[in-house]
Amino acid sequence: LQLVGGKGQSLIRMAQIGLPVPPGFVLTVEFFQPWINELKLTDEWKSFKKADELDLEKCSNKLKQRGLKLEFSEIQKKEIEKALESLSGVKLYAVRSSSPEEDLDGFSFAGGYETFLGVKKEELFDKVRKAFVSCLDYRVQCYKLAHGFNVLEPRIAVIVQEQVASDISGVVFSINPLTNNYDEVVFNANFGLGESVVSGACTPDTVIVDKWKMQVKNRASGPKESKVLLLEDGGTKIVEEEDNQLCLSDGTALSLTRYVKTLEDIFRKPVDIEWAVSKDKEYIL
């Protein structure tokens with residue numbers, strides 16, 4: 001956990017047991033330690049270190065801007081290029097932050113760290129740098145201060161994965177988060193990439209499954225006011241239009257429920273999971 005962060009640890013564990021996780025690698029907390037050391041020698045860090053509540057936002061922003069000027073060492077470049085060999089043939093990547101303090105019981109850091117989707121190979125180094133720098137974001141500092149984390153020890157890992165061109169995607173909860181019913185699995189789904197569901201940008205479809213009887217109990221079509229689509233040549237676009245057609249079929253919901261039950265058994269607690277379906281192939285993200 002301290003090396004690869006909460007998200008990285010979950011992905012590694014799921015890949016190890018053979019779940020359909022898109023291939024990728026994690027740049028560890030140690031990979032970025034030279035950058036942390038370099039930042040701690042700057043005037044921006046000295047100001048950040050002394051900042052009170054009134055100055056914190058300004059000092060965080062200045063430190064973040066300084067972080068965007070950091071250069072990859074030859075060792076760092078070689079490590080990334082070597083890791084990329086394991087993803088030969090991949091055209092687009094997802095670059096995702098993974099903090100050792102994120103995804104812990106009771107602490108989500110939701111929306112604090114950056115994720116970049118549809119990243120081309122020539123953009124990869126820049127997006128990795130930007131994902132790293134998000135650990136210096138003012139929102140992250142506020143969350144850390146509110147929950148007793150040390151703001152003077154920034155730590156982050158970065159995940160690089162094959163980008164899945166999702167036809168539908170979303171989140172699934174292994175218990176009903178509204179009623180606390182342990183027998184119900186609840187899906188929120190939309191067309192395209194899961195960003196629209198995770199960010200709350202749309203009202204998604206909801207499908208409820210009885211996980212013991214393996215039966216769909218309820219379906220509710222949401223207006224799905226916007227969706228995020230992957231562009232073939234990189235990046236994403238937001239399409240603003242309502243679509244009341246139910247995007248998640250009963251068969252796919254039941255198939256994904258099997259993964260949900262497996263993960264609940266492995267982690268020995270209720271879980272919430274990001275998932276995607278591309279060309280009828282299911283992925284756990």
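User: At about what angle does helix α1 (residues 5-16) run to β2?

Analyst: This is a predicted model, in which local features need pLDDT of at least 70, side-chain atom pairs count only at pLDDT 80 or more, and totals for chains, interfaces and linings use all residues. Residues are numbered from 1 along each chain as its sequence is written, and side-chain values use heavy atoms, with hydrogens and water left out. Helix α1 lies across β1, β2, β3 and β4; helices (H or I, at least four residues) and strands (E, at least two) are DSSP runs, numbered from the N terminus. With axes as lines fitted to C-alpha atoms (for helices over the stretch in contact) and angles taken from 0 to 180 degrees between N-to-C directions, α1 runs to β2 at about 125°.

User: In what order do the four strands of the open sheet stand?

Analyst: Two strands are taken to pair if DSSP finds at least two bridges between them. Strand β4 (residues 157-162) is joined to β1 by four antiparallel bridges, and to β2 (residues 92-98) by six, also antiparallel. Strands β1 and β3 (115-120) each pair on one side only and form the edges. The order is therefore β1-β4-β2-β3.

User: By how many degrees are neighbouring strands of this sheet turned against each other on average?

Analyst: The open sheet has four strands with antiparallel pairing. Ignoring direction, the average turn between its neighbouring strands is 20°.

User: Which residue of β4 is the bridge partner of Ala 94?

Analyst: Strands β2 and β4 are antiparallel. The residue concerned also stands opposite Gly 24. The bridge partner of Ala 94 in β4 is Gln 161.

User: Which side chains of β1 (residues 24-27) are buried?

Analyst: In a regular strand the side chains alternate between the two faces of the sheet. Buried means under 20% relative accessible area, exposed over 50%, and partly exposed in between (1.4 Å probe, protein chains only). Gly 24 and Val 26 point to one face and are not buried. Pointing to the other face, and buried, are Phe 25 and Leu 27.

User: Which helix gives the most residues to the largest nonpolar core?

Analyst: A nonpolar core is a set of buried Ala, Val, Leu, Ile, Met, Phe, Trp, Tyr and Cys residues joined through side-chain atoms within 4.5 Å. The largest one has 36 residues, and those with the most contacts inside it include Leu 124, Val 128 and Phe 132. Five of the core residues come from one helix, residues 124-133, namely α6.

User: Which residues does Phe 132 contact, leaving aside its neighbours within four places in sequence?

Analyst: Phe 132 is among the residues with the most contacts inside the largest core. Contact here means heavy atoms within 4.5 Å. On that basis its partners are Phe 32, Trp 35, Ile 36, Leu 39, Leu 70, Ile 156 and Val 158.

User: Over what arc around the axis of α5 (residues 74-84) do its buried residues spread?

Analyst: The buried residues are Gln 76, Ile 80, Ala 83 and Leu 84, and they lie on the same side of α5 because the arc is narrow enough to put them there. They pack against β1, α2 (33-39), β2 and α6, whereas the face turned away carries the exposed Glu 74, Ile 75, Lys 78 and Lys 82. Taken from the directions from the helix axis to the C-beta atoms, the arc is only 105°.

User: What is the distance between the closest N and O atoms of Asp 250 and Arg 219?

Analyst: A salt bridge is a side-chain nitrogen of Lys or Arg within 4 Å of a carboxyl oxygen of Asp or Glu, and the whole structure has 14 of them. Asp 250 lies in α9 (residues 250-267) and Arg 219 in β8 (residues 215-220), so this pair ties together parts 31 residues apart in sequence. Asp 250 is partly exposed at 27%, as is Arg 219 at 43%. Their closest N and O atoms are apart by 2.6 Å.

User: What is the relative accessible area of Arg 129?

Analyst: Arg 129 forms a salt bridge with Asp 126 at 3.5 Å, N to O. Both are in helix α6, three residues apart, and about one helical turn separates them. Asp 126 is partly exposed at 31%, while Arg 129 is buried, with a relative accessible area of 12%.

User: Is Lys 279, a residue with positive phi, buried or exposed?

Analyst: Lys 279 is not a glycine, yet its phi is about 50°. Its place is the loop between β11 (272-278) and β12 (281-284). At 74% relative accessibility, Lys 279 counts as exposed.
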